Each structure stands twice: as C-alpha cells, then as structure tokens.
Amino acid sequence: MPDTDTVTADPPPGAEVPRRRPALSPSRASDFKQCPLLYRFRAVDRLPEIPTKAQLRGTLVHSVLERLFSLPQADRTPPQAKELLAPAWEDLSAERPEWIELFDQEDPEAVTSWLSSAEQLVDTYFGLEDPRRLEPEACELHVEIELGSGVLLRGYVDRLDVAPTGEIRVVDYKTGAAPREIGEAKAMFQMKFYAVVLWRLRGVVPRQLKLMYLTDGQSLAYAPDEGELIRFERTLEAIWQAILKAGKTGDFRPNPSKLCAWCDHQALCPQYGGTPPPYPGWPEPDPGEESVLDRAD
C-alpha cells in the first residue's frame, strides 16, 4: 500500500482546468465489444443506471479487502475483516447517499441482512487464501499507460502481488460465482488488459493472472506470455480505433444478444423500438474512467 496520499488542490478561480485525454478502460472496452450503443449510453451520454444490491455488495467487499490489507499481517483475520464491514458501508453510503434508498426504509433489518450476505463472501475469501501470509505491493492500484499507437489505457487493479524475485501476480476479486463461457471470457479480457498495462509499465510479463470468485469459492489462474500480450495489445488498439471512428459520427450501433435482458437502456434502444437521445458529440473530459461499481464487478 502507498505510504502517502496524494492531495490535489482546487485550481484558483478563473484558471483553466486541464481536460483529461480520452482513455480506454477494461469496462468501457468490454462495453464496446458487447454493444457499441451500450458504450455510447455509458461513456458518451453518461446515462444514469440504478445499481443492484449485488453490485453494492461487491463494492463493499472490495473496500473491506482493501482495508484488510492495510492492517498488520497478524491482524488480517476473519473476525477483524467482519468488523470492517459496517464502517466501510457507512463511508460508502455517506459518499453516495442515494445508495441507501435501494433498501426498504421501513424495514430496520434490510441493511443488516444485506451486510450478513457480505459477511458470507468475506468468509469465502478466507477459504481461498490466508492474507496473513501475503504482503501485496498495492491494492486498488491506479494504472495508466500510453501505447506507441497513441491509445491511452487506464484502470484499477484490485491487488498487485510482487515476489522478492520480481515476479508479478495480478489478483481480481469477483463477488459472483465462477461464470460460464461468456462471463469467463469477459473477466479474462479485463485481466489481460491489466497484464498489458503492467507489462508496458514495468517491462515484466505478469507471471499469473488470478480471479477469485467469492460466491462459490473458486479460483481461476492463468499465465500469459509476451506473444499473447502483443496480440491483445493490437486488439485494444483496434477497439479504440473503432470507438474513435464511431465517435466522429455518433454511429454507435446496437448489437443484440442475450445480455440485452440485463441492460438498463432498452427503452432507448432501436432494437426494442426506442430512440436514443440526440448525439452530444465526442465527450470531454474522459470517457474511459471506470466507476467504483465497474471496479467491483
């Protein structure tokens, strides 16, 4: 974990605020691959989406695990992790008070039972590894790199483990169950994205990409090689060029699939008889930033 926090002061009145360059994140790249119109709705139109309680639970558990690794190694125990749940939720709901409205305000047990379901995920985590034996280099690590082609990659790594020998392991927590083929491909796309960024930043191909599924207690580990990352880098560059091409005209076309059933924006999709809002133009600032819910997916 970093020893210091970075504090950015507000610019003086009247000063020009620099715009962040458009970037590509794992979530937004995955959106475009799944459905270009979904990418537009999320990255360009920035349409609001109501999170599910499962998404909030994932965000909470990620926060708890990050806090857990900030403790001394000997204190990283299941009881201590569970003690972190309530204060972590207090902090998250204070930042996003609208999240509280997802719970029945007339039921005093609504949040309590939801926190209990998060406890179960924490218990499952401890069945997968012992955090007292680990000392990650970083948790919730912000990574960013510009490739030679000019595309800017940006994202957040749940956990980065670095061995004394310099070998790198990228760890991602998933609070759902181990997915079927489509979900597994989406998760591995995210991990290869991080592998490319870390390889270009550090000059070392990650030894292992590890996904930990906290609903059913399964792990998926994968060892990429340099040739594979070179090919994947080209895939990311191609995705970005396709995004830029669509961005010039606003021609983000729908790509119907089984995943449409979970889309919040069917009422605006031509595939379902809807009409998208007028195209606002290529977004400024950054359409590539991931939200806290994206990072907990």
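Two exercises with worked solutions follow, on a helix and the cysteines of this predicted model.

Residues are numbered from 1 along each chain as its sequence is written, and side-chain values use heavy atoms, with hydrogens and water left out. In this predicted model, local features need pLDDT of at least 70 and side-chain atom pairs count only at pLDDT 80 or more, while totals for chains, interfaces and linings use all residues.

**Exercise 1.** Compare the reach of helix H3 with its expected span, and name buried residues of H3.

*Solution.* Begin with the term: helices are DSSP runs of H or I with at least four residues, numbered from the N terminus. Helix H3 covers residues 53-68, which makes 16 residues. The expected span is 1.5 Å times one less than the number of residues, and for H3 this expectation is 22 Å. From the first C-alpha to the last, H3 reaches 22 Å, close to what is expected. Next, apply the term buried, which means under 20% relative accessible area, with exposed over 50% and partly exposed in between (1.4 Å probe, protein chains only). Among the buried residues of H3 are Leu 56, Gly 58, Val 61, His 62 and Leu 68.

**Exercise 2.** Explain why Cys 35 and Cys 269 form no disulfide with each other.

*Solution.* First recall that a disulfide is a pair of cysteine sulfur atoms within 2.5 Å. The closest cysteine sulfur to that of Cys 35 lies in Cys 269, at 6.2 Å, and is therefore too far for a bond. Then consider accessibility: Cys 35 is buried, with a relative accessible area of 12%, and Cys 269 is buried too, at 10%. Finally, the structure as a whole holds zero disulfides.

Methods: Helices (H or I, at least four residues) and strands (E, at least two) are DSSP runs, numbered from the N terminus.
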